[in-house]
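Biologist: Please walk me through this protein, from its domains down to single residues. Short answers will do.

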Amino acid sequence: MQSALSPAGIQASRILDLWHLTLAVCCIVFAAILLACLIAMIRAPRADHATPADLSAIGRREPQVRFWVVASTAVSTFLLFGLVLADVLTDRALSRLPVDNALRIEMTGYQWWWQARYLPDGEAPGFVLANELHVPVGRPVVVSLKAADVIHTFWVPNLHGKKDMIPGRDATIEFRADKAGVYRGQCAEFCGYEHALMAFSITADPPAQYEAWAAQQRKAAQTPSDEIAVRGRDVFMSQDCARCHTVRGSEAQGALGPDLTHIASRRTLAAGTLANNRDNLTGWIVDPRALKPGTVMPPTRLPPADLNALLTWMETLK
């Protein structure tokens, strides 16, 4: 779901209230202008090409018309100041979310994917993942926003408004998800060739379900026991994969691409571009630029047996 008209948190609800007020005022003003134009058209004298010009109105004062012009201007000014006041009050309400015991996440935008670093939560250590966040329902979340290359914008309309991510300047956004569900986020600032394919998701889980998910994410990748999976891990380590990606619990400690420690538990691949299944994963490994032109990940050509083993191992990373 990705809709500003379906709020799942208090901030999004406040923004929706402001939207409804603005829409109502603009519709009333627009209707009043159309009505004035209609009245003017009905009252206008009829003429044809032979009718002489009516010059009697030159220099003539029309108090009634002057009154309506002044009144309309005054009402429009009052409404505009009212919208400004509503915007200020909404902004103040958004900034007053209590952030005691907040979950803290550091979100970094890259061309064209997202890295989420969960900071330590009490005595529990932090962890890193990519493109798919989980948060507990009813608990405030503070997201620190960074941009690694160009300007990006963090936007999850069901939960909050937009927040720019400017290289060299850190920003934060606070929100609280009050309804369980999966909410789509999107980079809302044009950031290059694959801007439209730079999505992410936020899953709001009940607190107990979130804690179980987070506990699993903190674990290192399990050691494969299947012979084919072991071979697949060795293929991963022998290729450029291990130089670009991290798989915690293995020798792969690359930092150029997303953390793949639990890739098999994610819903999508390539920042929301593809459903996470074996066929799409195969295509992404073999020729990622055919699926997402402009991505920096190079093609990986492998013998069929090695590719099958690599896929088998990656499917164990849950």
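Modeller: What follows is a set of questions and answers on this model. It is a predicted model, where local features need pLDDT of at least 70 and side-chain atom pairs count only at pLDDT 80 or more, while totals for chains, interfaces and linings use all residues. Residues are numbered from 1 along each chain as its sequence is written, and side-chain values use heavy atoms, with hydrogens and water left out.

Biologist: How far apart are the centres of domain 1 and domain 2?

Modeller: The bounds come from an automatic or database domain assignment. Domain 1 covers 1-44 + 60-190, and domain 2 covers 227-315. Taken over C-alpha atoms, their centres are separated by 36 Å.

Biologist: How much area do domain 1 and domain 2 bury between them?

Modeller: Contact here means heavy atoms within 4.5 Å. By that rule, nine residues of domain 1 touch 12 residues of domain 2. Buried area is the accessible area (1.4 Å probe) that two parts lose on being put together, summed over both. Of the total, 55% is on carbon and sulfur atoms, and the total is about 970 Å².

Biologist: Which three residues supply 50% of the area that domain 1 buries against domain 2?

Modeller: No other three residues supply more. They are Trp112, Trp113 and Glu132.

Biologist: How many salt bridges and how many polar contacts cross between domain 1 and domain 2?

Modeller: A salt bridge is a side-chain nitrogen of Lys or Arg within 4 Å of a carboxyl oxygen of Asp or Glu. A polar contact is a pair of N or O atoms within 3.5 Å; within protein, one must be able to donate a hydrogen and the other to accept it, and residues adjacent in sequence count only if both atoms are side-chain atoms. Across this interface the salt bridge count is zero. The residue pairs in polar contact, both at pLDDT 80 or more, number three.

Biologist: Which strand gives the largest share of the side of domain 1 that touches domain 2?

Modeller: Ala, Val, Leu, Ile, Met, Phe, Trp, Tyr, Cys and Pro count as nonpolar, Asp, Glu, Lys and Arg as charged, and the others, Gly among them, as polar. On that side, seven residues are nonpolar, one is polar and one is charged. Helices (H or I, at least four residues) and strands (E, at least two) are DSSP runs, numbered from the N terminus. With four residues, the largest share comes from strand β3 (residues 127-130).

Biologist: Asp306 forms a salt bridge with which residue?

Modeller: The model holds eight salt bridges by the rule. In this one, the closest N and O atoms are 2.6 Å apart. It links helix α8 (residues 304-314) to helix α4 (residues 227-238), with the partners 75 residues apart. The partner of Asp306 is Arg231.

Biologist: Is Asp306 buried or exposed?

Modeller: Buried means under 20% relative accessible area, exposed over 50%, partly exposed in between (1.4 Å probe, protein chains only). Arg231, at 41%, is partly exposed. Asp306 has 18% relative accessibility, so Asp306 counts as buried.

Biologist: What separates the closest N and O atoms in the salt bridge of Asp240 with Arg243?

Modeller: Asp240 is partly exposed at 47%. Arg243 is exposed at 56%. Their closest N and O atoms are 2.3 Å apart.

Biologist: Which residue forms a salt bridge with Arg176?

Modeller: Arg176 is partly exposed at 23%. Its partner is also partly exposed, at 34%. The closest N and O atoms are 2.7 Å apart, and the partner is Asp178.

Biologist: Which backbone oxygen lies 2.7 Å from a side-chain polar atom of Ser250?

Modeller: Ser250 sits in the loop between α5 (241-244) and β11 (268-269). Its relative accessible area is 19%, so Ser250 is buried. The oxygen belongs to Val247.

Biologist: Which residues does the cis peptide bond with omega of about 0 degrees join?

Modeller: One partner, Trp112, is in the loop between β1 (103-110) and β2 (113-118). Trp112 is also among the residues that supply 50% of the area domain 1 buries against domain 2. The bond joins Gln111 and Trp112.

Biologist: Is Ala270, with its positive phi, buried or exposed?

Modeller: Phi is about 55 degrees, although Ala270 is not a glycine. Ala270 lies in the loop between β11 and β12 (274-275). At 16% relative accessibility, Ala270 is buried.
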